[in-house]
Amino acid sequence: SHLFSSKSSEQKLLPLAWGGQLLINPTQTIGRSIASFGLYDLALSEFMFRVINKGDTLIDVGANVGYTTRLMGDCLQGTGKVLSFEPL
């Protein structure tokens with residue numbers, strides 16, 4: 001199903017492995033992974049936590065449901081900036 005075809009009632013606030021949360025549909029691919037494991041892409045998540053520094057400015061182009069955007073924001077720990085875009 002398409003990203004924008006989801007009804008808001010299908011969205012659930014799911015916990016992430018590193019302590020954050022993401023509002024997402026647990027019946028779709030990314031949501032199922034987060035509901036099961038607390039993350040979607042282990043290699044990407046580990047990479048981001050290793051290379052992102054406090055104060056960085058980051059861009060997420062093609063943000064989809066916002067998993068990477070959320071991950072970037074959590075890595076920044078309240079510093080820096082994340083710009084996130086999802087083309088329509």
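**Entry 1. Aromatic pairs**

I searched the whole structure for aromatic pairs and obtained three. The model I am working from is a predicted one.

I took the pair of tryptophan 18 and phenylalanine 49 to begin with: the ring centres lie 5.6 Å apart and the planes meet at 65°, so I recorded the pair as edge-to-face. I then looked up where the two partners sit. Tryptophan 18 belongs to the loop between β1 (12–15) and β2, phenylalanine 49 belongs to helix α2, and the pair links parts of the chain 31 residues apart. I noted tryptophan 18 as partly exposed, at 26% relative accessibility. Phenylalanine 49 is also partly exposed, with a relative accessible area of 38%.

I turned next to tyrosine 40 and tyrosine 67. Their ring centres are 6.2 Å apart with planes at 75°, so this pair is edge-to-face. Tyrosine 40 is in the loop between α1 and α2, whereas tyrosine 67 is in helix α3, so the pair ties together parts 27 residues apart in sequence. The accessibilities of the two partners I list separately. Tyrosine 40 is partly exposed at 38% relative accessibility. Tyrosine 67 is buried, its relative accessible area being 3%.

Finally I asked which residues form one aromatic cluster. The members are Trp18, Tyr40, Phe49 and Tyr67.

**Entry 2. Helix α3**

Tyrosine 67 led me to helix α3. Is this helix, residues 67–76, enclosed by the rest of the structure or open? Seven of its 10 residues are buried, so I describe it as largely enclosed. I listed the buried residues as Tyr67, Thr68, Thr69, Leu71, Met72, Cys75 and Leu76. I then looked up what covers them, and the cover includes β2 (21–24), α1 (29–37), α2 (42–51), β3 and β4.

After the helix comes glutamine 77, and I noted that its phi is positive, near 50°.

**Entry 3. Nonpolar core**

I examined the largest nonpolar core, which has 15 residues. Those touching the most other members are Leu22, Ile24, Ile34, Met48, Ile52 and Tyr67. I looked up the contributing elements: β2, α1 and α3 each supply at least two residues. Helix α3 gives the most, with five residues.

I followed isoleucine 52 further. Setting aside neighbours within four places in sequence, I found isoleucine 52 in contact with Leu58, Met72, Cys75 and Leu76. Of these partners, Met72, Cys75 and Leu76 are listed among the buried residues of α3.

**Entry 4. Salt bridges**

I looked for salt bridges and the structure holds two. As a reminder to myself, side chains of opposite charge can pair when their charged atoms come close.

One joins the side chains of arginine 50 and glutamate 46, at 2.6 Å from N to O. Both residues lie in helix α2, four residues apart, about one turn of the helix. I noted arginine 50 as exposed, at 66% relative accessibility. Glutamate 46 is partly exposed, at 38%.

The other joins arginine 70 to aspartate 74, with the closest N and O atoms 3.0 Å apart. These two residues both lie in helix α3, again four residues apart, about one turn of the helix. I recorded arginine 70 as partly exposed, at 30% relative accessibility. Aspartate 74 is partly exposed, with a relative accessible area of 22%.

The spacing of both bridges called for a general note: an α-helix has 3.6 residues a turn, so residues three or four places apart point the same way.

**Entry 5. Glycine 20**

I asked which residues glycine 20 touches, not counting residues up to four places away in sequence. They are Leu14, Pro15, Arg70 and Asp74; Arg70 and Asp74 are the salt-bridge partners of helix α3. Glycine 20 is found in the loop between β1 and β2, and at 7% relative accessibility glycine 20 counts as buried.

I also looked up the separation of glycine 20 and glycine 73. The two are 53 residues apart in sequence, and their C-alpha atoms are 9.9 Å apart in space.

**Entry 6. Nonpolar surface patch**

Last, I looked at the surface. Ile59, Val61, Leu83 and Phe85 make a nonpolar patch of about 400 Å². I checked which strands take part: β3 (57–61) and β4 (81–85) each supply at least two residues of the patch.

I looked up leucine 83 individually. Leucine 83 is in strand β4 and is partly exposed, with a relative accessible area of 34%. Patch residues must have over 30% relative accessible area, and leucine 83, at 34%, meets that cut-off.

Methods:
Residues numbered from 1 in each chain as written. Predicted model: local features only at pLDDT ≥ 70, side-chain atom pairs only at ≥ 80, totals over all residues. Heavy atoms only, no water. Patch = residues over 30% accessible without salt bridge, like charges linked within 9 Å, V, L, I, M, F, W, Y side chains within 5 Å. Areas by Shrake-Rupley, 256 points an atom, 1.4 Å probe, with all protein chains shown as cover. Salt bridge = Lys/Arg side-chain N within 4 Å of Asp/Glu carboxyl O. Buried < 20%, exposed > 50% of the residue type's maximum accessible area, 1.4 Å probe, protein only. Contact = heavy atoms within 4.5 Å. Core = buried A, V, L, I, M, F, W, Y, C linked by side-chain atoms within 4.5 Å. Phe/Tyr/Trp six-rings, centres within 6.5 Å; stacked < 30°, edge-to-face > 60°.
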